[in-house]
Amino acid sequence: MINVPPSYSIVFVLMILEGMSLPIPSEIVMPLVGYYSTKGFLDPYAGIAVGTLGSLVGSLIDYYIALKLGLPFLERYGKIFKLTPDKLESLSRWFERYGIQSVFLFRFVPAFRALISFPAGLSKMRLPLFILATFFGHLIWDSVLVYIGIYFSSTWESIINILDHYLYIISAIVAIGIVLYILIKGNFLKF
């Protein structure tokens with residue numbers, strides 16, 4: 001049925017990418033951690049810790065991109081992170097008004113959960129506050145998602161069996177797609 005057990009390193013890398021606003025949804029990764037914990041491949045608490053730390057690292061990368069490179073960089077390359085000028089403007093207005101609360105609360109809003117790191121960096125939010133709000137937001141979110149994976153594990157059997165057969169092919173295609181997208185959008189490759 002399952003040929004190769006999932007690893008914490010895969011969860012960590014996927015959640016870094018999710019934290020960096022790339023199209024890796026925690027809504028899929030973390031419930032799978034819960035599912036695999038019911039099969040004995042992963043410990044749910046270790047999975048939550050690894051996923052949360054991965055998301056935190058990804059969020060810190062976005063924070064530092066905005067902090068060090070600023071608004072001109074985000075206006076030019078924000079599309080890579082699905083950060084349109086309209087989203088950036090609405091996030092900035094919200095952030096100015098609510099600060100640390102917005103960093104914490106936006107961790108529960110799928111469309112904006114990773115993007116909130118950009119206005120935090122642009123506004124030079126104090127790093128300890130950013131880390132605290134981000135860590136606890138991700139911790140709660142990831143815990144809920146792992147619990148969902150545990151609770152619904154029996155209904156995932158058929159989906160997991162199909163994915164298991166094609167996991168390496170799907171992973172390779174997604175990785176190549178992400179790299180090409182970044183290279184093309186960043187004008188590193190021209191066609």
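**Notebook: an all-helix chain and its cores**

Started with the surface: the chain exposes an accessible area of about 10,500 Å², and 71% of that belongs to carbon and sulfur atoms. Note to self: this is a predicted model, and I read everything below with that in mind.

Next I looked at burial. Of the 191 residues in the chain, 41% count as buried.

Then the secondary structure. I get eight helices and zero strands, so to speak a plain run of α-α-α-α-α-α-α-α from the N terminus on.

I also checked how far apart in sequence the contacting residues sit. Taking contacts in the chain with a separation of 6 or more, 76% of them join residues 24 or more positions apart.

**Cores**

Which residues have the most contacts inside the largest nonpolar core? I find Val11, Met15, Val29, Met30, Val33, Tyr36 and Val146, in a core of 15 residues. Helix 1 (8-19), helix 2 (26-38), helix 3 (44-77) and helix 7 (127-151) each put in at least two residues. Helix 2 gives the largest share, with six.

I followed Val146 outward. Setting aside neighbours within four places in sequence, Val146 is in contact with Met30, Val33, Gly34, Pro44 and Ile48.

Apart from the largest core I found another one, of eleven residues; Leu56, Ile116, Ala120 and Phe130 are among them.

A background reminder I jotted here: in soluble globular proteins, nonpolar side chains tend to be buried together.

**Helix 2**

With that share of the core in helix 2, I gave this helix its own entry. How many of its 13 residues are buried? Ten are, and helix 2 is mostly covered. The buried ones I listed are Ser26, Val29, Met30, Pro31, Leu32, Val33, Gly34, Tyr35, Tyr36 and Ser37.

I ran a length check too. The expected span is 1.5 Å times one less than the number of residues, so the 13 residues of helix 2 should span 18 Å. The end C-alpha atoms are 18 Å apart, which agrees.

Just past the end of helix 2, I noted that Gly40 takes a positive phi of about 85°.

**Aromatics**

Last, the rings. My tally of aromatic pairs comes to nine. One aromatic cluster is formed by Tyr35, Tyr36 and Phe41. Two of its members were already in my notes: Tyr35 and Tyr36 are on the buried list for helix 2, and Tyr36 is also among the residues with the most contacts inside the largest core.

Note on methods:
Residues are numbered from 1 along each chain as its sequence is written. This is a predicted model: local features need pLDDT of at least 70, side-chain atom pairs count only at pLDDT 80 or more; totals for chains, interfaces and linings use all residues. Side-chain values use heavy atoms; hydrogens and water are left out. A nonpolar core is a set of buried Ala, Val, Leu, Ile, Met, Phe, Trp, Tyr and Cys residues joined through side-chain atoms within 4.5 Å. Buried means under 20% relative accessible area, exposed over 50%, partly exposed in between (1.4 Å probe, protein chains only). Helices (H or I, at least four residues) and strands (E, at least two) are DSSP runs, numbered from the N terminus. Contact means heavy atoms within 4.5 Å. Rings of Phe, Tyr and Trp (its six-membered ring) pair if their centres lie within 6.5 Å; planes under 30 degrees apart count as stacked, over 60 as edge-to-face and the rest as tilted. Accessible areas come from the Shrake-Rupley method with a 1.4 Å probe; for residues, only the protein chains shown count as cover.
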